[in-house]
Amino acid sequence: MSKVVICDHPLIQHKLTFIRNKETNTKDFRELVDEVATLMAYEITRDVPLDTITVETPVATTESKVVSGRMLGLIPILRAGLGMVEGMLKLIPAAKVGHIGLVRDHETLQPTEYYINLPTDAANRQLIVIDPMLATGGSAIAAINSLKKRGCDQIRLMCLIAAPEGVKAVQDAHPEIDIYLAALDDALNEKGYIVPGLGDAGDRLFGTN
């Protein structure tokens, strides 16, 4: 079974409080999501392998570490996932970015893919699927299915907050996929929203209703 990692660093938890607050305006919400994504990028890359190289400091020659040749790819689920990409690129600027567009039927809560554009070498990269919310799990499962159909098998999932139902659904569908979260919330309500959650991440990021 995959692991679920709660990124409980104090700065992440502090900023998440203001992300949740319904009084936080669009500008501040967007900046906070960007900042939390940067901090979470630190956590999700914690086990990236290292190589040892020789460098000359101003004082002496020494052996030092650099990230090995593993290539990373960021795959935001449109549209809300876009709000986390720039924050991650601040730490991993060499990562390539693909996009998966999914629309959720508000009656059935089932996602339909309407767009996908991946790096040409996506199958050779460690891919991080990005979506602020893991509610029913339908969108994440659909995105991972799409990637696997295209030969991608090195995949992780990163979300701000999740409901237990969504985590279980992803684990049942893709038991090898590790999930990184800033918070695991209580449950889903009858409308499929995470409780206590933060509302609709896309609307709050882009100022729509």
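The following dialogue looks at a binding site and the nonpolar cores of a predicted model.

Student: Which residues make up the "binding site" here, and where does that list come from?

Tutor: An unreviewed UniProt entry lists them, and they include Arg79, Arg104, Asp131, Pro132, Ala135, Gly138 and Asp200. From this set, the lining of the largest pocket takes in Arg79, Arg104, Asp131, Ala135, Gly138 and Asp200, among others.

Student: Why is Ala135 called buried or exposed?

Tutor: Ala135 has a relative accessibility of 13%, and since buried means under 20%, Ala135 counts as buried. Its place is in the loop between strand E9 (133-134) and helix H4 (138-149).

Student: What is Ala135 in contact with, leaving aside its neighbours within four places in sequence?

Tutor: Ala135 is then in contact with Ala163, Glu165, Gly166, Leu188, Gly192 and Ile194.

Student: How do you know whether Gly138 is buried or exposed?

Tutor: The reasoning is as before: Gly138, which is found in helix H4, has a relative accessibility of 17%, and because the limit for buried is under 20%, Gly138 counts as buried.

Student: What makes Leu74 stand out in the largest nonpolar core?

Tutor: Of the 36 residues in that core, Leu74 and Met88 touch the most other members. The largest share of this core, eight residues, comes from H2. Not counting residues up to four places away in sequence, Leu74 touches Val85, Met88, Leu89, Ile92, Ala95, Lys96, Val97, Gly98, Ile128 and Ile130.

Student: What lies apart from this core?

Tutor: Another core, of 25 residues, lies apart from it, with Ala122, Val129, Ala143 and Ala162 among them.

Definitions and conventions. Residues numbered from 1 in each chain as written. Predicted model: local features only at pLDDT ≥ 70, side-chain atom pairs only at ≥ 80, totals over all residues. Heavy atoms only, no water. UniProt positions renumbered as here; feature names shortened; annotations may be inferred. 1 Å grid on protein atoms, 1.4 Å probe; cavity = no way out; pocket = protein on both sides within 12 Å on 5 of 7 lines; lining within 4 Å. Helix = DSSP H or I, 4+ residues; strand = E, 2+ residues; numbered from the N terminus. Buried < 20%, exposed > 50% of the residue type's maximum accessible area, 1.4 Å probe, protein only. Contact = heavy atoms within 4.5 Å. Core = buried A, V, L, I, M, F, W, Y, C linked by side-chain atoms within 4.5 Å.
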